[in-house]
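Work through the exercises below with the sequence and structure at hand. Each task is followed by a solution in steps.

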Amino acid sequence: MENFINIFVQSVFINNMIFAYFLGMCSFLAVSRKVSTAMGLGIAVIFVLMITVPVNYLINKYLLQEGALSWFGDEYRDIDLGFLSFIVFIAVIAWIVQVLEMIVEKFTPALYNQLGIFLPLIAVNCAVMGASLFMQEREYSSVAEASSFGLGSGTGWMLAIVGIAAIREKMSYSKVPPALKGLGITFIVTGLMAIAFMSFSGIEIKID
Amino acid sequence: MSEKEPLFSAKNLKLFTDPFNAGNPITVLVLGICSALAVTVKLQPAIVMGLSVTVVTGFSSFIISLLRNTIPNRIRIIVQLVVVAALVILVDQLLKAYVYEVSKQLSVFVGLIITNCIIMGRIEAFALGNKPFPSLIDGFGNGAGYGMILVIVAFFRELLGSGSLFGIRIVPESFYVSAGGFYENNGMMVLPPAALILLGVIIWVHRSVNNKLLEK
């Protein structure tokens, strides 16, 4: 349990997708003008990450890794399909996003109205692909760990985009030098937020 | 082809040079920042990353442009993703084979070239409606314009953060406080926030020089 909470907290605050790895910056900059839309996109990202990371974890563990195919028969023990992981991961993500869009549209039209426009955007969001690749690189030991990593990085991403959207809403009242207006100042503010987030580094939760 | 165009006509040249200034993918179009900044602590990985992106952008635009009349519109995103992913796998394998150390430093960011918005952006905006050769040039130009920003950011981060360039010491050892001198590396430069702030400053400078780009 302690382990899961730690993975979650670390991926929200310390290894934050945006502040530490700059992932998902494209939509981060494009959709952070209003808090409400930022919130919608953030929730959609959490949703997608919570599903894609564990699914990709299972695929990686039972199909792609070196020796992953040994359950299939002893002669397949030496096969390493690791080089296929990029193409498989992105296909899985695109597929899940598509299916998710259909399911949400069918069963919860209200939610679809809020998230619908964001879902197609997410297929090419670097944060989603990045989470799967980090999951592969860090070699989490169970599906539950991978899921808590997915949930954590989604939450961290949402926290960042909602935060910057709130700052940008307020910033429209302030006097920014003309050449910095818009993009420039957003980067600098993101940098300052990243510095603030660095104060979380080293956090570890101990449960006795 | 009705009109014959020279291989490097003025129009094609402009396709290549535009991304370095008024059409820069990062500072003007805001594309492809995703995987960009994390690899800019040192110059060498930044250059390798810039080259990889240039190659992938160029060839994926070229291939998609060749296929543009045969791809059904509804499934074009997935076709594009597959083409890009295949190219990225090639690049990744090449990097692993020839520059293993750098490929280790780049870690997941090579894979993230797939979801780099520049590539999809150029395919959607240019390659789907243009002939293969201009698309190739456009792709290379945009990749290179992107690489240029990476190199600028990496230059400052490595120089100020580690006192070296390409791993070669620029600030002499004797300047450092530890050796009785007065100089200290700026520790913040090697941390992620510095990349964001530097990029903000680059945009600031770029827009001050080129007034047409100001946002209202």
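**Exercise 1.** Describe how many residues chain B and chain A bring to their contact, and the area they bury between them.

Solution. The model is predicted. Counting residues with heavy atoms within 4.5 Å, chain B contributes 45 residues and chain A contributes 38 residues. Next comes the area. The size of an interface is often expressed as the accessible area that is lost when the parts come together. For chain B and chain A the buried area is about 3400 Å², and 84% of it lies on carbon and sulfur atoms.

**Exercise 2.** Search the interface of chain B and chain A for salt bridges and for residue pairs in polar contact.

Solution. Take salt bridges to begin with: the rule finds zero across the interface of chain B and chain A. Then take polar contacts: the count between chain B and chain A is zero residue pairs, with both residues required to be at pLDDT 80 or more.

**Exercise 3.** Which helices of chain B each supply at least two residues of its side that touches chain A, and what is the make-up of that side by class?

Solution. The helices are H3 (76-98), H5 (117-125) and H7 (192-209) of chain B. H7(B) gives the largest share, twelve residues. Sorted by class, the side of chain B that touches chain A holds 32 nonpolar, nine polar and four charged residues.

**Exercise 4.** State the predictor's confidence in chain B and in the complex.

Solution. Chain B has an average pLDDT of 79, and 86% of the residues score at least 70. Among the elements of chain B, helix H1 (residues 10-17) has the lowest mean pLDDT, 70, and helix H2 (residues 43-67) the highest, 87. For the complex, the predictor gives an ipTM of 0.76 and a pTM of 0.81.

Definitions and conventions: Residues numbered from 1 in each chain as written. Chains lettered and ligands numbered in written order. Predicted model: local features only at pLDDT ≥ 70, side-chain atom pairs only at ≥ 80, totals over all residues. Heavy atoms only, no water. Buried area = accessible area lost by both parts, 1.4 Å probe. Salt bridge = Lys/Arg side-chain N within 4 Å of Asp/Glu carboxyl O. Polar contact = N/O pair within 3.5 Å; in protein donor to acceptor, adjacent residues only side chain to side chain. Helix = DSSP H or I, 4+ residues; strand = E, 2+ residues; numbered from the N terminus. Nonpolar A, V, L, I, M, F, W, Y, C, P; charged D, E, K, R; others polar. pLDDT = per-residue confidence, 0-100.
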